[in-house]
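Reader: I'd love a close look at one part of this model, the surroundings of a single charged side chain, and then a walk outward from there. Could you take me through it contact by contact?

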Amino acid sequence: IDTENDIDGLAAQIAALDAIVSIANLTVPLANAVGTPAHVILRPSQYDWRYTQQQRESPWLPTARLYWPAKGESWSTVVARVAEALTSEIASDTYL
């Protein structure tokens, strides 16, 4: 899939997934549009109206769960939190 020129194809791939893990990019709103849960890793300075600062959820992207690093927290710790959430959801067969 040419992700820059075939948005329909990218959306179809996302729709076929149980969930996605992403940074703030086109993948997240596409996941929301097709109803696929998204785990979004954000920078502390990610000032964007879609991602409410330091909140776990976004009113504009209801399928997204937001992950912000705490002050001094490493990226590996943030990714470990995402992995823990995914593991828990898989074990309980629930998504978001």
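Author: Let's start with the side chains of E73 and R81, which are joined by a polar contact of 3.0 Å. Do keep in mind as we go that this is a predicted model. E73 also makes a link to the backbone: its side chain reaches the backbone nitrogen of A70 at 2.7 Å. So where does E73 sit? Its place is in the loop between β4 and α3. Leaving out residues up to four places away in sequence, E73 touches W68, V78 and R81, so R81 turns up both in this list of contacts and as the polar partner. E73 counts as partly exposed because its relative accessible area is 22%, and the cut-off for buried is under 20%.

From that loop we can step into helix α3, which covers residues 75-92 and contains A83. With a relative accessible area of 38%, A83 is partly exposed. A83 also gives us a handy bridge to a distant stretch of the chain: A83 and V21 are 62 residues apart in sequence, yet their C-alpha atoms are 9.4 Å apart in space.

V21 takes us to strand β1, residues 20-23, and S22 lies in that strand too. S22 counts as buried, at 11% relative accessibility. Its side chain has a polar partner of its own, as a contact of 3.2 Å joins it to the side chain of N25. Beyond its neighbours within four places in sequence, S22 is in contact with T27, V28, H39, V40 and I41.

V28 leads on to helix α2, residues 27-34, where V28, L30 and A31 are buried. Seen down the axis of α2, these buried residues fall within an arc of 165 degrees, so they line one face of the helix. For the background, an α-helix has 3.6 residues a turn, so residues three or four places apart point the same way. What do the buried residues of α2 pack against? They meet α1 (7-15), β1 (20-23), β2 (38-41) and β4 (61-67). After α2 comes G35, with a positive phi near 80 degrees.

Helix α1 has buried residues as well, namely G9, L10, A11 and I14. Their cover includes β1 and α2, two elements we have just visited.

Now for the other strands. S58 is in strand β3, residues 57-58, and counts as buried at 6% relative accessibility. Not counting residues up to four places away in sequence, S58 touches R50, A64 and L66. Another contact to look at is that of R56, whose charged end sits over the ring of Y67, 4.9 Å from the ring centre.

Finally, the aromatic rings. The structure holds 1 aromatic pair. W49 and W60 form this pair, which is edge-to-face, with 5.7 Å from centre to centre and 85 degrees between the planes. W49 lies in the loop between β2 and β3, while W60 lies in the loop between β3 and β4, so the pair ties together parts that are 11 residues apart in sequence. As for accessibility, W49 counts as exposed at 59%, whereas W60 is partly exposed, with a relative accessible area of 47%.

Conventions:
Residues numbered from 1 in each chain as written. Predicted model: local features only at pLDDT ≥ 70, side-chain atom pairs only at ≥ 80, totals over all residues. Heavy atoms only, no water. Buried < 20%, exposed > 50% of the residue type's maximum accessible area, 1.4 Å probe, protein only. Helix = DSSP H or I, 4+ residues; strand = E, 2+ residues; numbered from the N terminus. Arc of directions from axis to C-beta. Contact = heavy atoms within 4.5 Å. Phe/Tyr/Trp six-rings, centres within 6.5 Å; stacked < 30°, edge-to-face > 60°. Lys NZ or Arg CZ within 6 Å of the ring centre and 35° of its normal. Polar contact = N/O pair within 3.5 Å; in protein donor to acceptor, adjacent residues only side chain to side chain.
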